Amino acid sequence: MVRIAIDAMGGDLGAKAMVKGAVESLKEEGMKLLLFGEEEVLKQELSPYSYDPERIEIVPCSENISIHESPVMAIRRKKDSSLVRGMLAVKNEEADAFISAGSTGAVLAGGQLVVGREKGVYRPPLAALIPTKNGVCLLTDCGANVDAKPEWLHQFAKMGAIYMEEMLQIKNPSIGLVNIGAEEEKGNSLVKAAMQILKEDTDYNFIGSVEARDIVEGNCSVVVCDAFVGNVVLKMYEGVGKMLLSEITDTMKHSGPLALLAALMLKKPLKKRLKKFDAKQYGGAPILGLKGLVIKVHGNTDGKEVTTAIKQAKEFAEKKLTKKIAEAIDFKEVEE
């Protein structure tokens, strides 16, 4: 049985959304959930639900880490926080995965300081699935390493390819490096140096540069970049998705009775199409390259994304993806 630790106090809605997502996920068999947080609060949030008490365990914690705290200092000082205790459970092999909607900085810091990175990994990237015309692609790094080195991007590509092959069953996934043009001479010094390393690695399907519009078209399965670029791409995606939905809704409402009739006819297929822009359906963003699985979900989650992330974590653990990623990385000492 897969054991999944959950930071039940993280996120904008706190325990309410995390508990809701956790209980909903119990429709899936073969896993046990460990809810880390304030015992009385969690008992109260669980009280309206019917669930198997053998499959949910409350782990009492006396501290919380807020988004306003220094991530590193909070991790070091708040040893009894739901975030730190949950990560320690993964480190001590008391849990197979950890999920949090809390402070991104604290989750990233805790991933390295508490869980630890695999030997040979330069820097673990945050990887998120994003929608494209052809389905989804993996954007890595999208939030962990704002300043990167060429060798790091090479590892991001390797880890991303393994994730897509194992989790989405995409054979020999194509890898693209985010650039401002298709020509190799374009790009900054980081991109140019990373381009040469990726070209020389014939074990992976590197297709060269991809521009932002190529990402939307779904021209590759793994999109590689530093976290500064990746986070801009991710936030732009989210913003455009919301804008499109809002514009379509407003147009239908203010275009007369015929438009309203058309809206009623198109509501179902349109809703299905626009659903692909909803990040919640893709689960959370795992931090690849750690000694254990850590998944970050959006802070504004209403619980739906938590349910998906739990299923994602279960599959990740069952396929032993952490071990497979570690095996793909050269085992050598790396500089801090």
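Patches are made of residues with over 30% relative accessible area and no salt bridge; nonpolar side chains (Val, Leu, Ile, Met, Phe, Trp, Tyr) are joined within 5 Å, and like charges within 9 Å. A salt bridge is a side-chain nitrogen of Lys or Arg within 4 Å of a carboxyl oxygen of Asp or Glu. Accessible areas come from the Shrake-Rupley method with a 1.4 Å probe, and for residues only the protein chains shown count as cover.

The model is predicted: local features need pLDDT of at least 70, side-chain atom pairs count only at pLDDT 80 or more, and totals for chains, interfaces and linings use all residues. Residues are numbered from 1 along each chain as its sequence is written, and side-chain values use heavy atoms, without hydrogens and water.

**Exercise 1. Find the nonpolar surface patch that includes Val-240, and place Val-240.**

Step 1. The members are Met-236, Val-240, Met-243 and Leu-244. Together they have about 340 Å² of accessible area.

Step 2. Val-240 lies in helix α9, residues 227-253. Helices (H or I, at least four residues) and strands (E, at least two) are DSSP runs, numbered from the N terminus.

Step 3. The relative accessible area of Val-240 is 31%, so Val-240 is partly exposed. The classes are buried (under 20%), exposed (over 50%) and partly exposed in between, with a 1.4 Å probe and protein chains only.

**Exercise 2. Trace the open sheet of six strands.**

Step 1. Write the order: β3-β2-β1-β4-β11-β10, with mixed pairing. Two strands pair if DSSP finds at least two bridges between them.

Step 2. Mark the edges. They are β3 (56-60) and β10 (285-286), and each pairs on one side only.

Step 3. Take β1 (residues 2-7). Five of its six residues are buried. Six bridges link β1 to β2 (residues 31-37) in the parallel sense. One pair of bridge partners is Ala-5 and Leu-34 of β2.

Step 4. Take β4 (residues 97-100). It runs parallel to β11 (residues 293-296), with four bridges between them. Ala-97 has Leu-293 in β11 as its bridge partner.

**Exercise 3. Locate the backbone angles that stand out at Asp-141, Gln-169 and Lys-320.**

Step 1. Recall the background. Most residues other than glycine have a negative phi, and most peptide bonds are trans.

Step 2. The bond from Thr-140 to Asp-141 is cis, with omega near 15°. Asp-141 sits in the loop between β6 (135-140) and α6 (150-167).

Step 3. Gln-169 has a positive phi, near 55°. Gln-169 is in the loop between α6 and β7 (174-178). Its relative accessible area is 57%, so Gln-169 is exposed.

Step 4. Lys-320 has a positive phi, near 50°. Its loop runs between α11 (304-318) and α12 (321-328). Lys-320 is exposed, at 53% relative accessible area.
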